[in-house]
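Me: Please choose one part of the protein below and take a close look at it with me, then show me how the rest fits around it. I am in my first year, so go slowly and explain any word I need.

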Amino acid sequence: MVLKTFGWSFAITALGLVAAVLYGGWEAFGIVAILCVLEISLSFDNAVVNAGILKKMNAFWQKIFLTVGVLIAVFGMRLVFPVVIVAISAKIGPIEAVDLAFNDAERYEQLVTDAHPSIASFGGMFLLMIFLDFIFEDRDIKWLGWLERPLAKLGKVDMLSVCIALIVLAVSAMTFGTQAHQHGGMHVDKTATVLLSGVFGLITYLIVGGLSSYFENKLEEEEEREHEAEEAAKRSGKKVSVVQLAGKAAFFMFLYLEVLDASFSFDGVIGAFAITNDIVLMALGLGVGAMYVRSLTVYLVRQGTLDDYVYLEHGAHYAIGALAVLLMVTIRYEIPEVVTGGIGVALIGWSFWSSVRRNKRIAAAEGGSGSAGDKTEVSSGV
């Protein structure tokens with residue numbers, strides 16, 4: 001199972017490392033290896049969230065995510081995206097931006113660094129909305145019940161998450177944007193840039209997330225119609241089919257996944273410049289890391305890990321919230337990538353440990369009484 005799922009990632013890793021050696025020797029090999037680890041550590045929470053969405057899609061769209069999606073993630077976000085940033089921020093053509101990347105790496109890095117406030121604001125708002133919409137939803141299973149129960153009650157207020165996101169954006173722009181960090185240690189006023197980019201991040205979330213939710217909700221009627229057929233299948237001993245997203249619903253969910261992946265990749269792309277400003281090595285290292293994120297997503301879906309460890313999704317969304325806050329802070333202050341990745345890994349590790357403890361309590365309750373009522377009580381959350 002592991003080899004089948006991660007086989008392509010292993011193969012791409014080998015090719016990427018060989019290409020690094022041929023391109024820049026053993027020093028390049030080391031840089032690419034470090035970038036791979038950086039990308040994987042920063043994107044583990046991305047894989048968990050992706051798995052929660054991907055399991056709703058049918059086999060065809062899962063395959064699209066793993067083929068076309070990989071091309072978008074590796075070439076689009078890890079190679080083309082930095083060039084686009086430079087072209088837009090410096091108001092130059094894409095060809096000139098590519099020329100800078102290969103022939104003037106220092107200037108290229110400077111332009112990407114100068115564009116960081118807008119990148120952080122866009123990605124921060126998109127990720128913050130994901131976290132807020134998750135935490136304000138009333139769920140049957142709660143991880144941190146003392147926190148999630150009152151927040152679920154507040155979530156009944158319409159558009160609360162949007163209001164909070166806009167407040168966070170305004171405060172961040174006034175607090176961090178007025179003295180945003182620039183290349184060379186300078187500070188300049190980026191308030192308008194932060195506000196505009198954050199609004200675009202919010203709009204992107206509302207459009208893509210709204211469309212995917214709309215088509216997903218339209219399938220509820222179809223699921224209800226098939227419910228009786230499923231019950232009949234159970235009574236006859238046949239395998240029960242699961243309604244999965246297809247057509248327009250899956251297409252917009254796919255777009256949502258790609259925008260989500262793009263937002264997660266912001267910190268990795270920006271953080272990579274702390275290690276190298278060579279666009280080739282950056283694309284190799286981050287691209288290989290992105291492959292592992294995809295493979296890990298598939299592994300979680302096929303193994304049913306999210307069903308067995310029910311708090312993992314909670315931990316991943318808390319990590320998203322933390323990353324959103326950190327991205328906004330980095331508009332002005334530099335935060336080491338080890339801190340960003342460490343917080344995400346710690347939260348997911350904590351949620352995994354909590355899930356293991358929950359499963360043990362359920363097993364103990366079933367062994368002690370064998371009643372479904374005990375199991376329901378144990379699985380109601382922390």
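Reply: Let's begin with a word we will need: a residue is called buried when its relative accessible area is under 20%, exposed when that value is over 50%, and partly exposed in between. Please keep in mind that this is a predicted model.

The part I would like to look at is the stretch around helix α8, starting with Thr191. This threonine sits in helix α8, a helix that covers residues 191-236. Is Thr191 buried or exposed? Its relative accessibility is 17%, so Thr191 counts as buried. Which residues does Thr191 touch, once those up to four places away in sequence are set aside? The answer is Ala173, Gly177 and Thr178.

Now follow helix α8 along to a nonpolar patch on the surface. The patch has an area of about 580 Å², and helix α8 gives the largest share of it, with six residues. The members of the patch are Leu166, Leu196, Val199, Phe200, Ile203, Ile207 and Leu211. Try finding Leu166 in the picture: this leucine belongs to helix α7, which runs over residues 160-175. With a relative accessibility of 40%, Leu166 falls between the two cut-offs and therefore counts as partly exposed.

Helix α7 also has a cysteine worth a glance, so to speak, for practice with the same words. Cys163 has a relative accessibility of 42%, so it counts as partly exposed. Cys36, in contrast, is buried, because its value is 8%. Are there cysteine pairs to look for? How many disulfides does the structure hold? The count is zero.

Just before helix α7 comes a loop, which links α6 (145-154) to α7, and Met159 lies in it. Here is something to notice about the backbone. Most residues other than glycine have a negative phi. Met159 is not a glycine, and yet its phi is positive, at about 60°. Because its relative accessible area is 51%, Met159 counts as exposed.

Let's step back a little further along the chain, to some charged side chains. How many salt bridges are counted? There are two. In one of them, the side chains of Arg139 and Glu137 meet, with 3.2 Å from N to O. Arg139 is partly exposed because its relative accessibility is 23%, and Glu137 is partly exposed too, at 42%. In the other, Asp138 and Lys142 meet through their side chains, with 3.0 Å from N to O. This pair is a nice test of our vocabulary. Asp138 is exposed, because its relative accessible area is 54%, whereas Lys142 is buried, because its relative accessibility is 11%.

Next, the inside of the protein. The largest nonpolar core has 67 residues, and the members that touch the most others are Met57 and Leu127. Helix α1, made of residues 2-54, contributes the most to this core, with 14 residues. There is also a second core, separate from that one, with eleven residues, among them Val86, Ile92, Leu100 and Leu111.

Two pairs of residues show how parts of the chain that are apart in sequence can meet in space. Ile130 is in helix α5, residues 116-135, and is buried because its relative accessibility is 4%. Its C-alpha atom is 7.6 Å from that of Ile320, although 190 residues separate the two along the chain. For the second pair, look at Asn103 in helix α3, residues 94-103. Asn103 is exposed, because its relative accessible area is 60%. From C-alpha to C-alpha, Asn103 and Asp278 are 9.7 Å apart, with their positions 175 residues apart in sequence.

Finally, here is the whole protein around our chosen part. It has 14 helices and two strands. Of its 382 residues, 49% count as buried. Among contacts with a separation of 6 or more, 80% join residues 24 or more positions apart. The accessible surface is about 18500 Å², and carbon and sulfur atoms hold 65% of it. So that you can find your way back, Thr191 in helix α8 was our starting point, and the patch led us to Leu166 in helix α7.

Definitions and conventions: Residues are numbered from 1 along each chain as its sequence is written. This is a predicted model: local features need pLDDT of at least 70, side-chain atom pairs count only at pLDDT 80 or more; totals for chains, interfaces and linings use all residues. Side-chain values use heavy atoms; hydrogens and water are left out. A disulfide is a pair of cysteine sulfur atoms within 2.5 Å. Buried means under 20% relative accessible area, exposed over 50%, partly exposed in between (1.4 Å probe, protein chains only). Patches are made of residues with over 30% relative accessible area and no salt bridge: like charges are joined within 9 Å, nonpolar side chains (Val, Leu, Ile, Met, Phe, Trp, Tyr) within 5 Å. Accessible areas come from the Shrake-Rupley method with a 1.4 Å probe; for residues, only the protein chains shown count as cover. A salt bridge is a side-chain nitrogen of Lys or Arg within 4 Å of a carboxyl oxygen of Asp or Glu. Helices (H or I, at least four residues) and strands (E, at least two) are DSSP runs, numbered from the N terminus. A nonpolar core is a set of buried Ala, Val, Leu, Ile, Met, Phe, Trp, Tyr and Cys residues joined through side-chain atoms within 4.5 Å. Contact means heavy atoms within 4.5 Å.
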